[in-house]
Amino acid sequence: MADLDDHKEGKDFGLGTPQRNVPFTLKGCGALDWGMQSRLARIFNPKSNRTVMLAFDHGYFQGPTTGLERIDLSLAPLFGETDVLMCTRGILRSVVPPATNKPVVLRASGGNSMLTELSHECVAVTIEDALRLNVSAVAAQVYIGSEYEHQSIGNVIKLVDAGSRYGIPVLAVTGVGKEMTRDARYFSLASRIAAEMGAQFVKTYFVEQGFEKVTASCPVPIVIAGGKKLPEQEALEMCFRAIDQGASGVDMGRNIFQSSAPLAMLKAVKRVVHDNMSAHEAYQFWLEEKQGEQP
């Protein structure tokens, strides 16, 4: 208990100065609860309102894909440089050191493999386990135009309802329906549906034509998926164009951990996302950093 004998009356009340409460200006989060905004502010840098997420959740349906055979050897050296970790709870508990102290977006959908219908997923993590793992958000795939479209949208809805009870945001990840054209019209449809269902942010793919319409028509932040492995310069160009056309960040996996210089690539991507570095400048930066990364 405070010592009442030395109690002094307050005197600095700032009379004449209105109280300030600086808002978090991330797209679409103005009406969210404090706890949910706080978690989103860990994912999205409040200075830039952007994020670089390191994705290594591929094993939940692909198994030990190239570059992810030993995450403790290939990915762990990158943890300190990324903004966010995107992974499953099995990998989080088994190979991510708790002292890493990075926000986690936890893969919360699953129940399939690359040998079966990918859209046939369920909610694979309870919100209570997400809380035990102290994650900043949970993620689920949504497959618009697929056989199990309704089920995947239902998974997102369940997570949004559970997350709303505990202040945990939901990332909806747009899968690609087999019968849908992979263009701005499709990704606008998928992203908008995910946001309408309550997802606080959306992960989708960059498209060459009309991507600015995808971001403009989605009322919450869009983070682009890195997709298949590209030459480093092309991957950085994709990052630059996506950010320039309204994306709030990137979630990259193969274009980082399958790079010939992964740590240098991650640093270069961060320069594009947070510092507005051009793709050409970032590629030159990668080449310079690569020299110091070679064994």
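A residue is called buried here when its relative accessible area is under 20%, exposed when that area is over 50%, and partly exposed in between. Keep those cut-offs at hand as we walk through this structure, which is a predicted model.

## The barrel and its helices

Let's start with the overall fold. A barrel is closed by 8 strands in the order S1-S2-S3-S6-S7-S8-S9-S10, with parallel pairing. From one strand to the next, the twist averages 25 degrees. One of the pairings joins strand S3 (residues 104-107) to S6, in the parallel sense and over 3 bridges. Within S6, Ala139 is the residue that stands opposite Arg107.

Two helices give a good idea of what lies against the strands. Helix H6 lies across S6 and S7 and runs at about 160 degrees to S6. Helix H11 lies across strand S1 (51-55) and strand S10 (249-252), at about 150 degrees to S1.

## A closer look at H6

H6 covers residues 149-166, and its 18 residues reach 26 Å from the first C-alpha to the last, close to the 26 Å expected at 1.5 Å a residue. Its buried residues are Ser152, Ile153, Gly154, Asn155, Val156, Leu159, Val160, Ala162 and Gly163. What covers them? The cover of the buried H6 residues includes helix H1 (34-43), strand S5 (122-123), helix H5 (127-132), strand S6 (137-144), strand S7 (170-176) and helix H7 (184-196). After H6 comes Gly167, which has a positive phi, near 75 degrees.

## Nonpolar cores

Now to the interior. The largest nonpolar core has 73 residues, and Phe56, Leu75, Phe211 and Val269 are those with the most contacts inside it. H11 gives the most to this core, with 7 residues. Another core, of 17 residues, lies apart from the largest one and has Leu26, Leu40, Val84 and Met86 among its members.

Phe56 is a handy residue to select in your viewer. Leaving out residues up to four places away in sequence, Phe56 touches Leu68, Ile71, Leu75, Phe79, Leu85, Met86, Cys87, Ile91 and Val96.

## Salt bridges

Side chains of opposite charge can pair when their charged atoms come close. How many salt bridges does a search of the whole structure find? The search finds 12. The table lists some of them.

| Pair | N to O distance |
|---|---|
| Asp83 and Lys270 | 4.0 Å |
| Arg93 and Asp129 | 2.7 Å |
| Asp129 and Arg132 | 3.1 Å |

Asp83 and Lys270 meet through their side chains in a salt bridge. Asp83 lies in the loop between helix H3 (71-74) and S2, while Lys270 lies in helix H11 (residues 262-275), so this pair ties together parts that are 187 residues apart in sequence. Are these two residues buried or exposed? Both Asp83 and Lys270 are buried.

The salt bridge of Arg93 with Asp129 links two helices. Arg93 belongs to helix H4 and Asp129 to helix H5, so the pair ties together parts that are 36 residues apart in sequence. The two partners differ in their surroundings: Arg93, at 48% relative accessibility, counts as partly exposed, whereas Asp129, at 5%, counts as buried.

Asp129 also meets Arg132 in a salt bridge. These two are 3 residues apart in helix H5, so about one helical turn separates them. Arg132 counts as exposed because its relative accessibility is 60%. Together, Arg89, Arg93, Asp129 and Arg132 are linked in a network of salt bridges.

## Two more residues to visit

Thr88 lies in the loop between strand S2 (84-87) and helix H4 (89-95). Why does Thr88 count as buried? Its relative accessibility is 16%, and the cut-off for buried is under 20%. Not counting residues up to four places away in sequence, Thr88 touches Asp57, Tyr60, Leu106 and Arg107. Arg107 is the residue already met opposite Ala139 in S6.

Ala216 lies in helix H8 (residues 211-216). With a relative accessibility of 63%, Ala216 counts as exposed. The C-alpha atoms of Ala216 and Gly246 are separated by 7.2 Å, and the two residues are 30 residues apart along the chain.

Technical notes: Residues are numbered from 1 along each chain as its sequence is written. This is a predicted model: local features need pLDDT of at least 70, side-chain atom pairs count only at pLDDT 80 or more; totals for chains, interfaces and linings use all residues. Side-chain values use heavy atoms; hydrogens and water are left out. Helices (H or I, at least four residues) and strands (E, at least two) are DSSP runs, numbered from the N terminus. Buried means under 20% relative accessible area, exposed over 50%, partly exposed in between (1.4 Å probe, protein chains only). Contact means heavy atoms within 4.5 Å. The expected span of a helix is 1.5 Å times one less than its number of residues. Two strands pair if DSSP finds at least two bridges between them. Axes are lines fitted to C-alpha atoms, for helices over the stretch in contact, and angles run from 0 to 180 degrees between N-to-C directions. A nonpolar core is a set of buried Ala, Val, Leu, Ile, Met, Phe, Trp, Tyr and Cys residues joined through side-chain atoms within 4.5 Å.
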